[in-house]
Amino acid sequence: MAQQQATTDLLPIIDLGLYMANPDAPEAIAEAKRAADAIRDYGALIVKDPRVTEKENNDFIDMMEDYFNQPFDTKLKDARPEYGYQVGVTPELTEDPKCPKDPHCLDIIDHIPEANRPLAFHGPDPKWRFFWRVGEQPPATNFPRLNAEPVVPEAFKDVWTKTMDAWGNTLHKAVLGLAEMIAVGFDLPAKTFVDMAQYGPHLLAPTASDLTKYGAVGTVLAGFHYDLNFLTIHGKSRYPGLNIWPRNESEKLAVRVPDGCLLVQAGKQLEWLTGGVVQAGYHEVIVNEATARVIANKTNDRPLWRISSTLFLHIASDNILRPLEGIFDTEELRLAKYPKIHTGDQVRKELGLIALLEK
């Protein structure tokens with residue numbers, strides 16, 4: 001059966017400004033409930049933060065396009081494989097999606113109606129990535145490889161730190177605000193997730209795909225996968241191609257992000273803490289007909305790279321993951337499926353599965 005086009009739709013839009021104005025107001029609490037419902041039902045949502053401007057996102061993407069348009073060997077100087085690529089650059093064809101090796105993931109694909117399945121993919125992703133630490137470093141940690149010092153590319157040393165910190169801190173503040181809303185929406189103390197994320201190895205993690213090499217319709221830029229962290233937040237990309245599968249995994253949605261808004265997706269650590277009430281959202285990035293139209297209609301001389309301006313929010317490495325007591329730990333099955341584990345061990349295991357770190 002032929003693949004059908006993903007349904008193009010807007011996810012629920014959550015107004016963070018409404019909550020920030022007065023978190024105790026009835027309308028703010030109702031909006032927090034909408035946020036929790038959306039992340040439970042879709043594994044993703046769109047957030048409107050009045051502090052975020054589209055200019056910030058565009059300035060960041062401009063710098064990343066220029067960085068990734070450098071020669072291969074120049075970028076390779078910024079790679080740190082000894083840290084599992086958790087700082088600096090990750091070259092293309094390095095990150096190997098675990099789905100083809102994971103029976104559970106393959107079973108999920110088998111249960112998706114054939115017309116809505118992700119594009120078939122084999123081998124490592126053709127995307128590059130750069131990891132830049134955001135937020136406070138832990139005063140002490142048992143997981144130093146997940147909390148390494150940042151890498152500053154030589155050709156961008158005068159602007160890199162300022163630009164990365166500016167956009168990284170903007171996304172960090174937005175996703176922490178949303179994490180608070182989700183906690184309130186689930187009738188948890190407001191700072192439950194925010195406190196657990198303090199000193200986490202948060203990563204500003206732009207991905208980059210060279211559309212001069214990988215611009216053919218049907219190319220898989222990032223194979224079907226979930227994110228291993230707590231919440232992932234993105235600015236708007238200049239090129240479409242992100243598909244997500246909501247919780248029932250039967251429908252494929254092509255995500256549209258309005259200007260000035262941010263996309264947020266649930267990761268595995270949130271799934272763990274909620275005992276599966278929230279599921280880590282599966283998604284893919286591909287070159288589709290909409291991507292091709294944007295490429296064909298491009299009128300400027302900017303480098304032809306698809307950049308995602310992404311930040312991964314993590315629970316702190318030394319904290320314990322388990323379904324939260326009294327709320328999400330009421331079923332033995334949940335406790336068996338989501339046993340206690342240090343977050344750092346969960347991350348190391350996941351990185352091993354996607355071939356970034358030896359377990």
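## Briefing: strands, turns and one disulfide

Ile286 in strand E13 is the bridge partner of Val220. This pairing belongs to a predicted model. E13 is mostly covered, with five of its five residues buried. Strand E9 also has both of its faces covered. One disulfide is present in the structure. Two residues that are not glycines, Asp187 and Tyr199, have a positive phi.

**Strand E13 and its partners**

- E13 spans residues 282–286.
- On one side of E13, Tyr282, Glu284 and Ile286 are buried.
- On the other side, His283 and Val285 are buried too, which leaves both faces of the strand covered.
- Strand E8 covers residues 220–225 and pairs with E13 in the antiparallel sense. Three bridges make up this pairing.
- Strand E10 covers residues 242–245 and also runs antiparallel to E13. Four bridges join these two strands.
- Which residue of E13 does Trp245 stand opposite? Trp245 faces Tyr282.
- Tyr282 is itself one of the buried residues of E13.

**Strand E9 and its partners**

- E9 is made of residues 231–234.
- Leu231 and Ile233 lie on one side of E9, and both are buried.
- Thr232 and His234 lie on the other side, and they are buried as well.
- E9 is joined to strand E12, residues 261–266, by four bridges. The two strands run antiparallel.
- E9 is also joined to strand E15, residues 310–313, by four bridges. This pair is antiparallel as well.
- Thr232 has a partner in each of these strands: Gln265 in E12 and Phe312 in E15.
- Is Cys261 buried or exposed? Cys261 counts as buried because its relative accessible area is 6%, under the 20% cut-off.

**The disulfide**

- Which cysteines form the disulfide? They are Cys99 and Cys105.
- Their sulfur atoms are 1.8 Å apart.
- The link of Cys99 and Cys105 is left-handed, with -90° about the S-S bond.
- Both Cys99 and Cys105 are buried.

**Positive phi in two loops**

- Asp187 is not a glycine, yet its phi is positive, at about 60°.
- Where does Asp187 lie? Asp187 sits in the loop between helix H6, residues 160–185, and helix H7, residues 192–197.
- Asp187 counts as exposed because its relative accessible area is 67%, over the 50% cut-off.
- Tyr199 is not a glycine either, and its phi is positive at about 70°.
- Tyr199 lies in the loop between H7 and strand E6, residues 203–204.
- Tyr199 counts as partly exposed because its relative accessibility is 30%, which falls between the 20% and 50% cut-offs.

**The annotated domain**

- An unreviewed UniProt entry places the feature "domain: Non-haem dioxygenase N-terminal" at residues 11–97.
- In the model, the end C-alpha atoms of residues 11–97 lie 25 Å apart.
- How much of this span is helix, and how much is strand? The span is 49% helix and 13% strand.

Key. Residues are numbered from 1 along each chain as its sequence is written. This is a predicted model: local features need pLDDT of at least 70, side-chain atom pairs count only at pLDDT 80 or more; totals for chains, interfaces and linings use all residues. Side-chain values use heavy atoms; hydrogens and water are left out. UniProt positions are given in the numbering used here, feature names are shortened, and annotations may be inferred rather than shown by experiment. Buried means under 20% relative accessible area, exposed over 50%, partly exposed in between (1.4 Å probe, protein chains only). Two strands pair if DSSP finds at least two bridges between them. A disulfide is a pair of cysteine sulfur atoms within 2.5 Å.
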